[in-house]
Amino acid sequence: MAFQYNFPTTIRFGAGVISELPAYLQKNGLSKPMIVTDPTIAGLSFFKSIVKDLQSHHISAEVFSDIHKNPVKSDVYKGTDLWDHTGRDSIIGIGGGAALDVARAIVLRVHHREDLFKYDDLIGGDVYVTNDVPHFITVPTTAGTGSEVGRSAIIADDETHQKKILFSPKLMAKIVFADPALTMDLPPFITAATGMDALTHNMEAFLAKNPHPLCDGIALEGIYLIKNSLEKATNSPDIASRSNMLMASMMGAIAFQKGLGVVHSLAHPLSSLLDTHHGLANAVNIPYGMQFNIAGFEDKFRRIARTLELKEETGEAVVQYLFDLNSKINIPHHLRDIGVTDAHVETLADLALADFAHPNNPKPVSREDFKQLYLNAL
């Protein structure tokens, strides 16, 4: 059964809604979309079926999939070159966070041709996003980042690896086709890592220091859905667990307009320096980051524990829950298990301190704090 939500993006949600894509394009006079995805998805049968369905409706789709798993500026420039040389009229992002970030950044660059990082939100670059943008459609294939409902793209510098945020309400999709059936064949590792990314978004958004009661309510419901669905979706998936995870992922992305925190600042450097999967980086770090945040915010953790239906409504119980959940979905407990060594810690601490996420953490995080957190997790 399909549902429609508007928040404010129009979201078509339910198994099979991807079949509505050709009619939507035709209704809006669009016949030459550029599809942005990643190299893995481009080779999968469901993706080829989407393209074939478009072709059967006389819609000419150009596929761009030459992107890194942690996107960089050159990915965006290559995609824009393809747009220029193939005369496209719209952009469809199909995939997880990487594909949707690159798609959204190309949407920006089509009519904003100064250096991409001039538009970095962290230096006020959003004020330069003044021109129109192409018609933009998103189709999530993982339940993690929730980028399909976002207004921003995270793109790293090719050389320095520092991540930049491109932001504008103009960059929201016109419509999202959120079809849980597209996530059914995700392998267990990707399901687990992206699911923990969604959980991190919801937890950090709830704890973030900016007042936003609307986001707090959404974040708690997202946590509840993940609690009831992630283990099932990873180890013995069905359409109900996949649906709940896809919904919780979108809820996390809506909630984190309030802000993120220390866990993301621990995770981002692992992706940029060591090319670690973002969800995995969050998954390994979240118990340690949550432990750091407990003191002074016991009431917030009591509410998280209550949402998780834990016997003890404490921050320590939440941390133990996170370790236990990681075990159940085969996520390692230590950074050394994902390639981090002592030699990386100083550089990681520098990158974490420079990251954009931790200023919204409920308490300040110093460079020494980051160093100690990495050592704790090592």
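Is the crossing of α7 and α8 left-handed or right-handed? The crossing is left-handed, and the tour of this predicted model returns to these helices after a look at the sheet.

**The sheet**

Begin by selecting the strands of the open sheet. There are seven, in the order β1-β2-β9-β6-β5-β3-β4, and their pairing is mixed. Colour β1 (3–6) and β4 (62–64) separately: these strands stand at the edges with a single partner strand each, so one side of each has no neighbour in the sheet. Looking across the sheet, neighbouring strands are turned against each other by 20 degrees on average, with direction ignored.

Next, select residues 33–36 and 90–95. These are β3 and β5, which pair in the parallel sense over four bridges. Within this pair, display M34, which stands opposite I91 of β5.

Now add residues 45–56, helix α3. This helix packs on the sheet and touches β3, β4 and β5. The direction of α3 makes about 180 degrees with that of β3.

Then add residues 239–255, helix α8, which also packs on the sheet. The strands touched by α8 are β1, β2 (10–13), β6 (135–140) and β9 (175–178), and its direction makes about 170 degrees with that of β2.

**The α7 and α8 pair**

Keep α8 on display and select residues 213–235, helix α7. The two helices pack at an angle of about 150 degrees, and their axes are 8 Å apart. Angles over 145 degrees count as roughly antiparallel, and α7 and α8 are therefore roughly antiparallel to each other.

Show the side chains where the two helices meet. On α7, the contact includes C215, I218, L225 and I226; on α8, the residues include M245, M247, M251 and I254. E221 and K232 of α7 also take part, as does R242 of α8. The residues of this contact divide into 13 nonpolar, four polar and three charged.

**Two residues within helices**

Select H201 in helix α6 (residues 188–207). Is H201 buried or exposed? Its relative accessibility is 4%, so H201 counts as buried. Apart from neighbours within four places in sequence, H201 is in contact with G144, T145, G252, F256, L260, H264 and H278. G252 lies within the stretch of α8, residues 239–255.

Move on to K371 in helix α14 (residues 367–377). K371 counts as partly exposed, at 23% relative accessibility. Setting aside neighbours within four places in sequence, its contacts are V345, E346 and A349. The C-alpha atoms of K371 and A349 are separated by 5.2 Å, although these residues are 22 apart along the chain.

**Backbone features in the loops**

The final stops concern the backbone. Most residues other than glycine have a negative phi, and most peptide bonds are trans.

Select F7 and P8: the peptide bond from F7 to P8 is cis, with omega near -20 degrees. P8 lies in the loop between β1 and β2.

Select H58, in the loop between α3 and β4. Phi of H58 is near 60 degrees, a positive value in a residue other than glycine. H58 counts as exposed, at 72% relative accessibility.

Finish at D275, in the loop between α9 (262–274) and α10 (278–293). Phi of D275 is likewise positive, near 60 degrees. With a relative accessible area of 38%, D275 is partly exposed.

Technical notes. Residues numbered from 1 in each chain as written. Predicted model: local features only at pLDDT ≥ 70, side-chain atom pairs only at ≥ 80, totals over all residues. Heavy atoms only, no water. Pairing = 2+ DSSP bridges. Axes fitted to C-alpha atoms, helices over the stretch in contact; angles between N-to-C directions. Contact = heavy atoms within 4.5 Å. Parallel < 35°, antiparallel > 145°, perpendicular 65-115°, else oblique. Left-handed = near helix turned anticlockwise from the far one by under 90°. Nonpolar A, V, L, I, M, F, W, Y, C, P; charged D, E, K, R; others polar. Buried < 20%, exposed > 50% of the residue type's maximum accessible area, 1.4 Å probe, protein only.
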